[in-house]
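Reader: I have just opened this one and would like some help finding my way around. Could you walk me through it?

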Amino acid sequence: LELPGNQTELEMTPDVLLLLTLDVDIAQSRLEDRTEKQDDSLFERRDFQKQLAKRYLSEAVRKPFIDRGANIVEIDASTNPEDILNQMIPHLEGLI
């Protein structure tokens, strides 16, 4: 969280931080179903996805936001978009 952009995020801590969680196998399956984009981006590689998920769920990332009053909510992104939205709405009501 030492990068300047990350510091800005901490200075402007959100009231609610929604973390969409998704099993790497499901993410990979969804990526394989895409036909319009086939570029083997670093962000789409299994090992990167595993590292990223571990990092976002780590205490090192979560604690600075919690210490500044953010409510961190994990959202199960393994379902369909409508269900994901329905999980998010209760946490955003009253904020918008």
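Author: What follows goes from the overall layout to the cores, and then to a few single residues.

Author: Please keep in mind throughout that this is a predicted model.

Reader: Okay, so how many helices and strands does the protein chain have?

Author: The protein chain has five helices and two strands, and, read from the N terminus on, these elements follow the order α-β-α-α-α-β-α.

Reader: And what size of box do the C-alpha atoms fill?

Author: Taken along the principal axes, the box filled by the C-alpha atoms is roughly 40 × 30 × 20 Å, while the accessible surface of the protein chain comes to about 7100 Å², with 53% of that surface belonging to carbon and sulfur atoms.

Reader: What share of the residues is buried?

Author: Of the 96 residues in the protein chain, 24% are buried.

Reader: Which residues make up the largest nonpolar core, then?

Author: The largest nonpolar core has seven residues, namely Val16, Leu18, Val73, Ile75, Ala77, Ile84 and Met88. At least two residues of this core come from each of strand E1 (16-21), strand E2 (71-76) and helix H5 (81-92). There is also a second, separate core of five residues, and among them are Leu10, Phe65, Ala70 and Ile72.

Reader: Going back to Leu18, what does it touch?

Author: If residues up to four places away in sequence are not counted, Leu18 touches Val73, Ile75, Met88, His91 and Leu92. On the scale of the protein chain, residues 24 or more positions apart account for 65% of the contacts with a separation of 6 or more.

Reader: Changing topic: which residues form a nonpolar patch on the surface?

Author: That patch is formed by Leu52, Tyr56 and Leu57, which together have about 260 Å² of accessible area. Tyr56 belongs to helix H3, which covers residues 46-56.

Reader: Why does Tyr56 count as partly exposed?

Author: Tyr56 counts as partly exposed because its relative accessibility is 44%, and that class lies between the limits of 20% for buried and 50% for exposed.

Reader: One last thing, where is Asn80, and what does its side chain do?

Author: Asn80 sits in the loop between E2 and H5, and a polar atom of its side chain lies 3.0 Å from the backbone nitrogen of Glu82. Asn80 is also partly exposed, since its relative accessible area is 38%.

Reader: How far is Asn80 from Ala53?

Author: Their C-alpha atoms are separated by 20 Å, and Asn80 and Ala53 are 27 residues apart along the chain.

Conventions. Residues are numbered from 1 along each chain as its sequence is written. This is a predicted model: local features need pLDDT of at least 70, side-chain atom pairs count only at pLDDT 80 or more; totals for chains, interfaces and linings use all residues. Side-chain values use heavy atoms; hydrogens and water are left out. Patches are made of residues with over 30% relative accessible area and no salt bridge: like charges are joined within 9 Å, nonpolar side chains (Val, Leu, Ile, Met, Phe, Trp, Tyr) within 5 Å. Accessible areas come from the Shrake-Rupley method with a 1.4 Å probe; for residues, only the protein chains shown count as cover. A salt bridge is a side-chain nitrogen of Lys or Arg within 4 Å of a carboxyl oxygen of Asp or Glu. Helices (H or I, at least four residues) and strands (E, at least two) are DSSP runs, numbered from the N terminus. Buried means under 20% relative accessible area, exposed over 50%, partly exposed in between (1.4 Å probe, protein chains only). A nonpolar core is a set of buried Ala, Val, Leu, Ile, Met, Phe, Trp, Tyr and Cys residues joined through side-chain atoms within 4.5 Å. Contact means heavy atoms within 4.5 Å. A polar contact is a pair of N or O atoms within 3.5 Å; within protein, one must be able to donate a hydrogen and the other to accept it, and residues adjacent in sequence count only if both atoms are side-chain atoms.
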